[in-house]
Amino acid sequence: MQNHFDIKNDSQLTLYNTIMSTGSIPREFIQRLLSQVDIVDLIDGRIPLRKKSSNNYFACCPFHAEKSASFSVSHTKQFYYCFGCGAHGNAIDFLLQFDRLSFPEAIDALAKHAGIDVPRETISNTAHSSIDTQLCDVLTRIAKYYQTELRQSKTAIDYLKNRGISGPIAKEFCLGFAPSGWENVLQQFGTTLPLKHQLYEAGMLIKKDEGGYYDRFRERIMFPIHERRGRIIAFGGRILDKGDPKYLNSPETPIFQKGRELYGLYQVLNANRQIERIVLVEGYMDVIALFQYGITYAVATLGTATTAHHLHRLFRYTTDIIFCFDGDAAGRTAAWRALLTTLPSLRDEIQIRFMFLPEGEDPDSLIRKEGKDAFEQRIQTAVTLSSFFFQTLSAQADLTSVDGRARFVKLATEHLNQLPPGIFQQMMFEELAKKGRTEIISAQMPPQMKLQKARAPSSLRLAIILLIQQPQLAHCITEPLPPIDLPGFALFFELIETIKNNAAYTTGTILEYWRDRKEGKLLAKLALLEHMIPASGIESEFLGTLQRLKKLANKQQIDQLLSKAAKGELSQEEKYRLHQLIHDKK
Ligand SMILES: [Zn+2]
């Protein structure tokens, strides 16, 4: 095989680029790092492992509650897998899931564990991070100042008491008070020109038309917004009495992007080792009230609609998300918008539900009236995404008429095509076919769906299983494989190439190339499948599957040429090729 990847079009090119780069950390370094750490050591440092056989270790799973040990770590594969909940991955995945780090953080932590330095291709990153740190530092000091002010303001304390917020909860969320006056923060923290500029950068000051600055937040209860690690990156402020706007947020700054942050996430992560589900509400006060009443798993967007970034952030901690909306028309419209945002991100294991509150109530008022149990009862009975989807669409079309049903099917199909291919999409299309009382759906299913339905011939599947479990088998392949028209063949081909181009390989290092790609999950699953072939027979079994695949490729080529021959379209060269193929077959 001369070329490493057979790039046929733009989407494959994008894919190729994704495979080959990971931002500022060189790909080769990540591979080297993975080959230098031992996943058994790494995990054993966090949860004690018990040895089962020479290469396999067991423990109770850290990712789901259990009494018997179903979490296994393989030394040879450099890979872990939980037979209970399906959690799996290499050393990097473990740090992402267990330590809840971001990808670059996980690389840093792993490098530290291995005692090597992370090479950065650009130094601007570090320069950036120090500016970010400075801004977070100043905001943290301002938050302390606001907290001190709160303790001294009877009006502010009375306000919080009237809203039913307890002292400990105010402390947990670092609530504060910005007193009246135009220059409190300016004078306390902006003693020099560079400091003033920094406060402005951090969103705390507003520029005057005639020059100079004044405080953005005045006479407001202050809600610091923490990022995941607890640093303060922005504020929300609520006016004490009447006035506009009721809520005022920090503007977008170098350290604060509304479309990415979630209020309360830091507190949720602190309060729960394992997060089973997260409720998404609309306001700061909702998050705080729910927390105070024992629902320590609510977060809020910051005055924006839910974005894909928000969802991806949440999916790192849980696969069960409940959107909470008002029961009125505006709430339903917002819920529908949220549903459309989630569609492209809905992997099979993710569960999204919608909870609608009685009119005139918000989570803050309702939890105070009903308490934790009743509120959790409401969460339990939240509508699933699929019922809300079909309910909303069928309300827009008359399903008793053929025209109405056609319209319904067309609308729904457009939306369902946004879903990533998989079991959930398939189930939604099947449901649509039932509801639309029609057979036309299958014709409109995306092509990869139909491929998935067809059972992949077992030779190819077995070949992939053996190869991902014992990557060194790739070196038994001495001559190029002919192309085969089979779902999964491209993956098999790429797997062979990846292994051949990788000096230090284990299942764990090879799977790293499929991070963030949909085939990665399938490969991880196959990496753990028990194939029951004795170790001594694996190589010959693998060679056998290759032989069968080659025969299949031959047959496909012969069929193709024969059908061309039947139409009289065969060139001289193709006639010769056909002759040769038939000869080879004998
Ligand atoms: Zn588990």
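## Cysteine 61 and the zinc site

Let's start with cysteine 61, which is buried because its relative accessible area is 6%, under the 20% cut-off. The structure you are looking at is a predicted model, and in it this cysteine helps to hold a zinc ion. Cys61 (SG), His64 (ND1), Cys82 (SG) and Cys85 (SG) coordinate the zinc ion at 2.1 to 2.3 Å. The angles among these four donor atoms run from 103 to 120°, and the site is tetrahedral.

Now look for the donor residues in the sequence: their spacing is C-x2-H-x17-C-x2-C. Cysteine 61 and cysteine 82 are 21 residues apart and link distant parts of the chain. Cysteine 61 sits in the loop between strand 2 (56–59) and strand 3 (71–74), while cysteine 82 belongs to strand 4 (residues 79–82). Is cysteine 82 buried or exposed? With a relative accessibility of 0%, cysteine 82 is buried.

## A sheet of five strands

Next, find the open sheet built from five strands. Their order is 13-12-14-15-16, and the pairing is mixed. Which strands lie at the edges? They are strand 13 (298–300) and strand 16 (383–384), each of which pairs on one side only.

In general, strands of a sheet pair through backbone hydrogen bonds, either parallel or antiparallel. Here, strand 12 (residues 278–281) and strand 14 (residues 320–326) pair in the parallel sense, over three bridges. Across this pairing, isoleucine 278 stands opposite isoleucine 321 in strand 14. Helix 15 (residues 363–380) lies across strand 12, strand 14 and strand 15 (351–357), and it runs at about 140° to strand 15.

## Phenylalanine 356 and its contacts

Strand 15 also contains phenylalanine 356. Why does phenylalanine 356 count as buried? Its relative accessible area is 16%, and buried means under 20%.

Leaving out residues up to four places away in sequence, phenylalanine 356 touches Phe325, Asp326, Gly327, Gly331, Arg332, Ala335, Val383 and Phe388. Take one of them, alanine 335: it is 21 residues from phenylalanine 356 along the chain, and their C-alpha atoms are separated by 9.0 Å.

## How confident is the prediction?

The protein chain has an average pLDDT of 85, and 90% of the residues score at least 70. Some stretches score lower. Over residues 122–127 the pLDDT stays under 50, and the model gives this stretch two contacts beyond four places in sequence. Residues 439–457 also have a pLDDT below 50, with 25 contacts in the model beyond near neighbours in sequence.

How values were computed. Residues numbered from 1 in each chain as written. Predicted model: local features only at pLDDT ≥ 70, side-chain atom pairs only at ≥ 80, totals over all residues. Heavy atoms only, no water. Donors = N, O, S within 2.8 Å, 3.2 Å for Na, K, Ca; no water. Tetrahedral: all angles 85-135°; square planar, octahedral: opposite > 155°, others 65-115°. Helix = DSSP H or I, 4+ residues; strand = E, 2+ residues; numbered from the N terminus. Buried < 20%, exposed > 50% of the residue type's maximum accessible area, 1.4 Å probe, protein only. Pairing = 2+ DSSP bridges. Contact = heavy atoms within 4.5 Å. Axes fitted to C-alpha atoms, helices over the stretch in contact; angles between N-to-C directions. pLDDT = per-residue confidence, 0-100.
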